[in-house]
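Trainee: I should like to work through this structure step by step. May we begin with its charged side chains and then turn to the chain as a whole?

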Amino acid sequence: MFSKDLVKWDRIKARLISLVYGEYFTDALRNTITIILPFALLFFYHQPNMAIGVGVGALLISLTDAPGNRANKFKSAIISIISFFFTALIISSSLGNPWLTAGSIFLLSFVFSMLAMFGSRMALIGTMAIILGIFTLGLHPVNPLLFSWYVLLGGYWYYLISLIQIVIWPYRSLHQAIFECITATSVFLKSKARYYDPEVNLEECYSETIALHIKVSEKQELVRNLLLSDKRAMKPSNERGQQLLRTAVSVIDLYEQVTAIHYDYAYVRKSLDKTGALQLIIELIETLAEELQVLSGVFLRPNKTQSAQRLVKFEQARVELTKLSQATDETNAHIILKVLKNLEGIVLHIQVIKQDQPLSAIPDNLEAEEDIDYAGFLSPQLLKFSAIKPYFSFHAPVFRFSLRLALLCFFAYLITLVFPIGKYSYWLLLTIVIVAKPRFGLTWKRNVERLSGTLIGAVIGIILLLIIHQTAALLIISAFLLLGFFTFNRIRYSVSVVCITAMVILCLSIYDGHSDHVIMERVIYTILGCAIAFLAAFLFPIWEIKGLKTLISNILEANSHYLFKVKAELSGTEPGVTASKLARKNSYIQLAKFSETLQYMHLEPNSKELDMHGIYAIQILSYRINSIIASLSLSAKQNLQQDAGLGILVEALSNMEYCVQHSSKLNLGMINKVVHADKIEEEYNDNEGTLQHQLNLLLALSVELKMYFV
């Protein structure tokens, strides 16, 4: 019992350390000081209007400052500052005419929402520009031009500090991204240990690892975008940049190695059940997962030293498992040795990340990395009109959502004109902009988080006002609540809502002395805004189900393309390192997109019309096929060419291409499962070696997958 409590405490301690040393807290501390300092000084020198304008500008523009490299942040600074200035000027200048104001709100909401077609960074800038317009409504500045200059000054001040920081520490965001990527990979690896536990249901294991795959894929994409878009870091003469490139390559390749620990687990459990090997394999995997977790912390605390205890423990268990393989029959020995080989590959990747081994120590990496066209791994940029034009169509989700949000803001503003029930009526629009999301499931999730966070924050605010009456103490608490808002805004939205709600209640109560009035308006407008945003999601829906067939087709096609490249590698025909790794990346991303959609789709009312059991079965089969392809790819890199298995690969590839061709005809309401996986796999279990067994298993799974599309 004591040891379990100690482990829990160690985990809590590790999370607190990673939070304090991580980018989220340090950025939150920087943001809080950057906003409060000019605000307090201007109030001290009796410049309240300037203090409010500069404070609002700095506060809202800080939320556009997403993780990025120098080039990303410089572009964000220019676009944000210009957008904020003109938004404040347009809205404040139109306040004398309600219809002109309504038209400005509609137009700006639509235009800034459409920025989402350029990626998440631009979408964030657009959202915050809309929110600035809403705050301008609430502040109702007397001098539009002067207020706009104050906002511009606040934005300029904030980004001046942010850009100075990125010049001094240019790789902060990249270190954080690598830390999170290794951490996510560690959790994913630990989940793989559960596959060897006979007490755990295999369906639960697949569901867990697929959910974790989404997180790993997201972190990998962030690492790519931060590093590969940084021209300075990618220069061969930049030693630090090249070192980080080698680390990033090894971290991403590590995930392929982890994914490749994939077998017919029901068969493995049955075969090794009485040998004692299963518990040793679980111990080995969990030891490596723990080593990865500790290793990730080095990227937040560079001076942190690593203990070699875990790898000593790994070596002891490895020797014991090797002896066990020598004492068992040939079939079990094949399985154990294959698992050991994969785990030793993970150890090698860990040593490369720790810089105990060169990147060339990994098979096929010495010449390969020099030939990779890294630019091909970046997300495509929309620079031509021909690329942008398709987004301006009712078939484009971005266009439909932008139109929906613009109409919501337009009618919500009219509601505040017709029913002016308080001076904080602009919170209605604010809630709508924050809660409304393209996805129905995400809108519902934000509704729950926003409502629960607002109610809890309101209660905390009331308690603080009842207990504490000193203005100075309330202002200090407000500063800490602002710090909490910034700290959790990107990692735990509901907590950030609690902090900002309590802070707003304290500050406005100090400002105008009507605490009950402030609290009631905050709660009423939040509930009303959430209700309107949720209702609009029904009236103008963007259902996930409409794009489901496309997503299924995409993952099938990506896996087929990945298998085609691996087939060329196994036959000795090199398809090119860039093409092979791009195929791997695309298959991982498409699987993550498909899985993420399923996470939100079950919240939609029309999901009851779908055969969700069949859809989840296709998802699991696609994941298993992807994992086996990754394992075969590693075999190809180790020069384990399998000429005898090429016929099996051709047949499996043919089955998968058949699925791609017939995916549009799939009846999502009734997906017939003709053959059960276990029955197919039993036919292909043999003693011809692990590689041959995996080829046979791949064929078996492709046959089962094909049954869904017949």
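Mentor: Let us begin with one pair. This is a predicted model, and in it Asp253 forms a salt bridge with Lys581, with the closest N and O atoms 3.0 Å apart. The two residues link distant parts of the chain, since Asp253 lies in helix 11 and Lys581 in helix 24 (residues 577-601). Their separation in sequence is 328 residues.

Trainee: Is Lys581 buried or exposed?

Mentor: The cut-off for a buried residue is under 20% relative accessible area. Lys581 has 9% relative accessibility, so this residue counts as buried. Its partner Asp253, with a relative accessible area of 4%, is likewise buried. For Lys581, the answer is therefore buried.

Trainee: With which Arg does Asp253 form a salt bridge?

Mentor: The closest N and O atoms of this pair are 2.9 Å apart. The pair links distant parts of the chain, with Asp253 in helix 11 and its partner in helix 24, 331 residues apart. Both residues are buried. The partner of Asp253 here is Arg584.

Trainee: Which side chain is joined to that of Glu256 by a polar contact?

Mentor: Glu256 is located in helix 11 (residues 239-259). Its relative accessibility is 2%, and therefore Glu256 counts as buried. The polar contact spans 3.1 Å, and the side chain on the other end belongs to Tyr562.

Trainee: Why are Arg30 and Asp27 separated by about one helical turn?

Mentor: The side chains of these residues meet in a salt bridge, 3.5 Å from N to O. Arg30 counts as buried because its relative accessibility is 8%, and Asp27 counts as buried because its value is 2%. Both belong to helix 2 (residues 23-44), and the separation of about one turn follows because they are three residues apart.

Trainee: Which residues are linked with Asp27 and Arg30 in a network of salt bridges?

Mentor: A search of the whole structure finds 14 salt bridges. The network contains Asp27 and Arg30. Linked with them are Asp65, Lys73, Arg172 and Arg490.

Trainee: Which helix gives the most residues to the largest nonpolar core?

Mentor: The largest nonpolar core has 113 residues, and those with the most contacts inside it include Tyr196, Ile552 and Phe709. The greatest contribution to this core is 12 residues, and it comes from helix 25 (residues 612-637).

Trainee: How many residues does the second, separate core have?

Mentor: Among the members of this second core are Ile61, Ile105, Leu132 and Ile432. The core is separate from the one just discussed, and its size is 80 residues.

Trainee: What share of the residues of the chain count as buried?

Mentor: The secondary structure of the chain comes to 28 helices and zero strands. The chain exposes about 32,000 Å², of which carbon and sulfur atoms supply 63%. Of the 710 residues, the share that count as buried is 55%.

Trainee: In which helix is confidence lowest?

Mentor: The chain averages a pLDDT of 81, and 84% of the residues score at least 70. Over residues 674-689, however, the pLDDT is below 50. Where pLDDT is low, the predicted coordinates should not be read in detail. Confidence is highest in helix 5 (residues 98-113), at a mean of 93, and lowest, at a mean of 42, in helix 27 (residues 677-684).

Technical notes
Residues are numbered from 1 along each chain as its sequence is written. Side-chain values use heavy atoms; hydrogens and water are left out. pLDDT is the predictor's confidence in each residue, from 0 to 100. Helices (H or I, at least four residues) and strands (E, at least two) are DSSP runs, numbered from the N terminus. Contact means heavy atoms within 4.5 Å. A nonpolar core is a set of buried Ala, Val, Leu, Ile, Met, Phe, Trp, Tyr and Cys residues joined through side-chain atoms within 4.5 Å. Buried means under 20% relative accessible area, exposed over 50%, partly exposed in between (1.4 Å probe, protein chains only). A polar contact is a pair of N or O atoms within 3.5 Å; within protein, one must be able to donate a hydrogen and the other to accept it, and residues adjacent in sequence count only if both atoms are side-chain atoms. Accessible areas come from the Shrake-Rupley method with a 1.4 Å probe; for residues, only the protein chains shown count as cover. A salt bridge is a side-chain nitrogen of Lys or Arg within 4 Å of a carboxyl oxygen of Asp or Glu.
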